[in-house]
Amino acid sequence: MKIGILSLAHLHAEAYIDNVRAVPGVELMGLADEDPARAEHFARQSGTPHFASYAHLLAARPDAVLVCSENARHRPLVEQAAAAGVHVLCEKPLATRVEDARAMVAACQQAGVTLMTAFPMRFSTPLLEIKKLLDAGHLGQVYACNSTNQGECPAHLRAWFVDPELAGGGALTDHIVHLADVLRWYLHSEVTEVYATANRILYGAEVTVETGGLVLLTFASGAIASIDCSWSKPPYYPTWGGLKLDLITEKGLVTVDAFKQVLTVYRQQQQRPAWAYWGSDANQAMIDEFVAAIRAQRPPAVTGEDGLRAVEIVAAAYRSVHSGQPEKL
Amino acid sequence: MKIGLVGAGLMGRTHAAAWAATPATLAGVVALEDGAAQALAAQAGAVVYPTLAAMLPHVDVVDICTPTYLHAAQVLAAAAAGKHIICEKPLALTMTDTAAMIAACEQAGVWLLVAQVVRFFPEYAAARHMVARGDIGTVAVTRLTRCGFKPARQNPQSWFHNPAQSGGMMLDLMVHDFDYARWLCGEVESVYARHIAPRFPQAAGDYALAILRHTSGAITHVEGGWAYPVPLFRTALEIAGSAGLIEHPAASSAPIGVYLHATEATDVETAVPASPLAEDPYTTEIRHFYDVLTGRAAPRVTAHDGAAAVQIALAAIESARTGRAVRPQEVTA
């Protein structure tokens, strides 16, 4: 199987280069990027061919592509790939507007190609362990969840992350979707109402998008769940951020920390402790699943529809920030 | 200074032990349950009185450690007798009551000191001190957690389980963090809360999540619950500011944890967090109140603060009931 990468705007693309190469029988056939310098840089660094344009890469007939462009630029690339009959794994969030996400899902459906949303947390081993307990009924009904997906402000990684047009927003856009998706997956239930509040006190002088956000979701099952999506981990924190959830269930309390498997490292050069992650690579498991689903001609474990649902939740969160009241989905 | 204690339950016993660390004398004890008052009085060399009215002439300060629904009448009686008052949290069940209590104490010229003990827990006090000093810049996002098991769970008749007497978990427990959030970030403009009790009537535990928006623009997440298996009790705080971050406790847990009700012990009444300190926070609190009563300190928490915390809790309860975000000042009764 031949896989290409359309755009390296998202920093996850760098990790995916190695993940794709690690799958037996898969060839990383090439990269393309709107920024020729960036394409050339990553092509040289990784020893991968690079194409002059997305159209050129698609013309070379990959079986599948990874779309890692800026959030607002996912749609045209996914539509181009679908038109070329190529399967797609699209970076999260699937889109910045509900109508775009809907169009992407429809385009792939019509073309008969797979659309998978890059939600690696579905493949996180600590999260999967709890998923097994939930589905086996060992925890009973889930009543509530208190969750956080906080991170550092990503402005220094890629400037477009804090561009309201290209990113679609700030912390709400960046960090609601992972947990919204995990919770839908855990609860087998859809969100019916969203309350959200946001502010721009952190990095207030440096960025124009929201940097702090708190969200409270209500599910059809009756469960309630809060998500802290703030960029509240400072650049001098021991790691980039994290993803944690506490579940209050019929049978008790369950805590999950997706990135707890770390070494604490103190280095003279760094002058502050760092957490070095040694847990299993969820990105690798996600790429493995993408390939396996295409080979087996079955839907992937996490689909374009899952990405669309998460985009709908983010859109409702922004409506709530503006109205000051919960918004129905 | 002669202290008259009302209530000889867990909080009454805790306060009695704390008064022993001050020059004040525990002179009298009133309690609903005779046995408890007798034991406590015997230990302190105090007199047991059958009623608050009978004790009032014999003490200078009344320390009220009774169930919440009794606070208002007892504060009014003590104020009418010209006695200074220490009152356990939450100050009262309604804003009508808090207003009457504050007015009566102002008129009588007596102190009404509210035992919002979290302000005296060293980790909370230290974090507040750092924030007030500007160590982490302007506060943006705060997270506060206070979860344990159901108090008095062996006794379904306990006042804790009667919302008409305790105000329910969202008032009784979450008032600690509502007060702390306000102490940290200032007045609260709007509260949105969700509560599992009305959504899952069969649930054994009680649990709620609330999001506060402060007039400063800061936002606070408050988690409260009587939902854990015995004896688990956890508190946590995280304060993110424009120039720094404070976390407590320091992260040190396994990637997953499963705490099931099936494994719980059975003979625990109410959780009071234990931490090895030279002085427990209840003693710090009572010593501070002694200093206020003797003119040596300004109160760290005022009656107005106690009332404002109740108002935020009532707004959260109203939000959970109506599904709308609520402004605390809308809660007037």
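**Exercise 1: A:Arg75 and its partner**

Task: work out which class of exposure A:Arg75 belongs to, and which side chain A:Arg75 meets in a salt bridge.

Solution: Begin with the cut-offs, by which a residue is buried under 20% relative accessible area, exposed over 50%, and partly exposed in between, with a 1.4 Å probe and protein chains only. A:Arg75 has a relative accessible area of 27%, so A:Arg75 is partly exposed. The model is a predicted one, in which local features need pLDDT of at least 70 and side-chain atom pairs count only at pLDDT 80 or more, while totals for chains, interfaces and linings use all residues. Residues are numbered from 1 along each chain as its sequence is written, chains are lettered from A and ligands numbered from 1 in the order in which they are written, and side-chain values use heavy atoms, with hydrogens and water left out.

Next comes the partner: a salt bridge (a side-chain nitrogen of Lys or Arg within 4 Å of a carboxyl oxygen of Asp or Glu) joins the side chains of A:Asp100 and A:Arg75 at 2.8 Å, N to O. Because A:Asp100 lies in helix α5 (residues 98–111) of chain A and A:Arg75 in helix α4 of chain A, the pair ties together parts that are 25 residues apart in sequence. Here helices (H or I, at least four residues) and strands (E, at least two) are DSSP runs, numbered from the N terminus. A:Asp100, at 7% relative accessibility, counts as buried. Finally, a network of salt bridges links A:Arg75, A:Glu79, A:Arg97, A:Glu99 and A:Asp100.

**Exercise 2: two further salt bridges of chain A**

Task: find where the partners A:Glu34 and A:Arg73 lie, and where A:Asp181 and A:Arg184 lie.

Solution: The side chains of A:Glu34 and A:Arg73 meet in a salt bridge of 3.4 Å, N to O. A:Glu34 lies in the loop between β2 (27–32) and α2 (36–46) of chain A, and A:Arg73 in the loop between β4 (64–67) and α4 (74–83) of chain A, so the pair ties together parts that are 39 residues apart in sequence. With a relative accessible area of 51%, A:Glu34 is exposed, whereas A:Arg73, at 31%, is partly exposed.

For the second pair, the salt bridge between A:Asp181 and A:Arg184 is 3.7 Å, N to O. Both residues lie in helix α9 (residues 177–187) of chain A, three residues apart, which is about one turn of the helix. A:Asp181 and A:Arg184 are both buried.

**Exercise 3: where the chains meet**

Task: describe the contact between chain A and chain B by its residues and by its buried area.

Solution: Contact means heavy atoms within 4.5 Å, and the contact takes 58 residues from chain A and 53 residues from chain B. Buried area, the accessible area (1.4 Å probe) that two parts lose on being put together, summed over both, is about 4,200 Å² between chain A and chain B, and carbon and sulfur atoms give 62% of it.

Five salt bridges are found across the interface of chain A and chain B, including one between the side chains of B:Arg194 and A:Glu193 at 3.5 Å, N to O. The residues of the side of chain A that touches chain B divide into 28 nonpolar, 21 polar and nine charged, where Ala, Val, Leu, Ile, Met, Phe, Trp, Tyr, Cys and Pro count as nonpolar, Asp, Glu, Lys and Arg as charged, and the others, Gly among them, as polar.

Strands also meet here: β12(A) and strand β13 (residues 256–260) of chain B run antiparallel and are joined by five bridges, given that two strands pair if DSSP finds at least two bridges between them. The bridge partner of A:Val254 in β13(B) is B:Val258.

**Exercise 4: strands of chain B**

Task: establish which strands of chain B are joined to β7(B), and how far strand β9 of chain B is buried.

Solution: In strand β7 (residues 139–148) of chain B, 10 of its 10 residues are buried. β7(B) runs antiparallel to strand β11 (residues 234–241) of chain B, with eight bridges, and B:Thr142 has B:Ile239 as its bridge partner in β11(B). β7(B) runs parallel to strand β10 (residues 219–226) of chain B, again with eight bridges, and B:Val141 stands opposite B:Ile219 in β10(B).

In strand β9 (residues 206–214) of chain B, eight of the nine residues are buried, so this strand is largely enclosed by the rest of the structure. β9(B) is joined to β10(B) by eight bridges in the antiparallel sense, with B:Ala210 opposite B:Val222 in β10(B).
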